[in-house]
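Here are my notes after going through the model you sent. Have the viewer open while you read.

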Amino acid sequence: PSILASSTIPPMDVKIDTAKSLFGSKFSGQTATIIAVAPGRVNLIGEHTDYTGGFVLPFAIDYSTVVMGTGSVEEKPDNQERTASIRFVSDKSPEEVESFEISESSKPPTETAWTTYVVGTVFQYLPDLKSSQSHLDLTFTIAGDVPLGSGLSSSASLEVSVARFVEVVLGDAAFSSVDNDSIKSPAKWRALRCQKAENEWCHSPCGIMDQAVSSAAKAGSLLLIDCRSLTFNETKMNEQSDDTPVLVIANSNVQHDIAGGEYPVRVAQCKTATEALRQVNPNIESLRDATPDDVETAREYMDETSYKRAKHVTTENERTLQAKEELERGDWNRVGELMNESHASMREDYEVSCEEVDVLVDIAQQFPGVYGSRLTGGGFGGCTVTLVAKDKAQDLMDHMQQEYKARTGKHCPCFETKPSRGAHLLSIKDHKPFV
Ligand code: ADP
Ligand code: MG
């Protein structure tokens, strides 16, 4: 089961020490020269809107994955195609050194293992190698504290940290094969490549949100992402007033299973709804192009399920754009209302909540000082995010733990968080971030 051990996030040094001692014990004789870090994330609002090109408003958290190691690019005259040797160890299974040889013609395995996230990500960078004689050699350790499968996106954190590491090994060659320069920023290409790794290698039809925010987030800001154009809009919470609230995350400790479960079903239902909408307006390419009014107009062409799914997505896009404005304005009551409405929509119309999460949200929404609370992430378990007055945050966390235990028999670890930074490198000498 996933564990958030306490309300204090382990400091970066703990992860670095773990990665370092693993490297020393498993790869003695080699020297680690690179530390890449990428965070997990919490989505404030804009849920299940990314894979139809809509809007999301997530932020990076201090839980992250560290990749430490070394690598090189060699020319091998006998090589027929671009290749890579990948050797790595994770603190999740520290006894096992994983070893993979891949080439441009490698195919994703039918069964996804945790190693598939890593190998699938490295695979995306093979085209950057100079020629079919080029060989990429990577040795690294992985240490992370993002709880697995809890809706805080440990998967994107893993992919993006590996990607950032590979980019350092490739140096100037990283992204050299990208011929579409309509998207110039490496953070965007990294996000797209990591999403591709998860879609094609791990058979999970996830949208771009997790990889985008893990890749591109800036400390202190939420990121409004337009998932169609992949443009990022940094959004700061208004801090003029001294009543700026804080964000509390609570883990229901119910595991979700995104790849195997209902997620692909929702993706398909959105497609069905879009086809119905196109009968009314052929210009609608995806749900992003439709308004809640369009959905009402097209209702007669839809079955009840498609209608409900489209209603959630179109109203959620509107709520997300509005939440950005209210956050900047500092209208916390309105932000809270939007979060509550979002939760109700996910529960009633998108049907991705579950009993335990509804209990958690209910406990928070009733608590004095709370502006709003909702399920965050893909759903069917995972975490909630709550906007609460600063001086009430600790009381809320104590209360949630007690009440949740009383009502479900389960433990719900909670923590207070703030928007943290996206993928970055740390100096191997003093572990300070490179600017
Ligand atoms: P979430 O992204 O919400 O945490 P996912 O099901 O998308 O849930 O991804 C979780 C999976 O990611 C894990 O089951 C594991 O395979 C992989 N993973 C993430 N971080 C690590 C890590 N540090 N070491 C090993 N595997 C990891
Ligand atoms: Mg994930």
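The points below cover the annotated domain, one sheet and the helices on it.

1. A caveat to begin with: this is a predicted model. Everything below comes from its coordinates, apart from the domain annotation, which comes from UniProt.

2. On that annotation: an unreviewed UniProt entry puts "domain: Galactokinase N-terminal" at residues 22–68. In the model, that stretch is 55% strand and 11% helix. Its end C-alpha atoms sit 10 Å apart.

3. Now the sheet. Four strands make an open sheet in the order S9-S10-S8-S11, and the pairing is antiparallel. S9 and S11 (414–417) are the edge strands, each with a pairing on one side only. On average, neighbouring strands here are turned by 25° against each other, if you ignore direction.

4. S8 (residues 246–251) is worth a click. It is joined to S11 by four bridges, with the two strands antiparallel. If you want register checks, leucine 247 is opposite threonine 417 in S11, and valine 248 is opposite glutamate 416 in S11.

5. With S10, S8 forms six bridges, again in the antiparallel sense. A handy pair to look at here is valine 246, which faces valine 388 in S10.

6. Why call S8 largely enclosed by the rest of the structure? Because five of its six residues are buried, where buried means 20 or more other C-beta atoms within 10 Å of the residue's own.

7. Next, helix H9, at residues 332–348. Its 17 residues reach 24 Å from the first C-alpha to the last, close to the 24 Å expected at 1.5 Å a residue. The buried residues in H9 are Trp332, Val335, Gly336, Leu338, Met339, Ser342, His343, Ser345 and Met346.

8. What do the buried residues of H9 pack against? Two of the partners are helices, H8 (304–329) and H10 (355–366). The others are strands: S1 (34–45), S9 (370–376) and S10 (383–388).

9. Finally, how the helices sit on the sheet. H10 lies across S8, S9 and S10 and runs at about 170° to S9. As for H9, the strands of the sheet that its buried residues pack against include S9 and S10. When you look at H10, start from S9, since the angle of about 170° is taken against that strand.

Terms used: Residues are numbered from 1 along each chain as its sequence is written. Chains are lettered from A and ligands numbered from 1 in the order in which they are written. This is a predicted model: local features need pLDDT of at least 70, side-chain atom pairs count only at pLDDT 80 or more; totals for chains, interfaces and linings use all residues. UniProt positions are given in the numbering used here, feature names are shortened, and annotations may be inferred rather than shown by experiment. The expected span of a helix is 1.5 Å times one less than its number of residues. A residue is buried if 20 or more other C-beta atoms lie within 10 Å of its own, exposed if 12 or fewer, and partly exposed in between; C-beta atoms are placed from the backbone. Two residues are in contact if their C-beta atoms, placed from the backbone, lie within 7 Å. Two strands pair if DSSP finds at least two bridges between them. Axes are lines fitted to C-alpha atoms, for helices over the stretch in contact, and angles run from 0 to 180 degrees between N-to-C directions.
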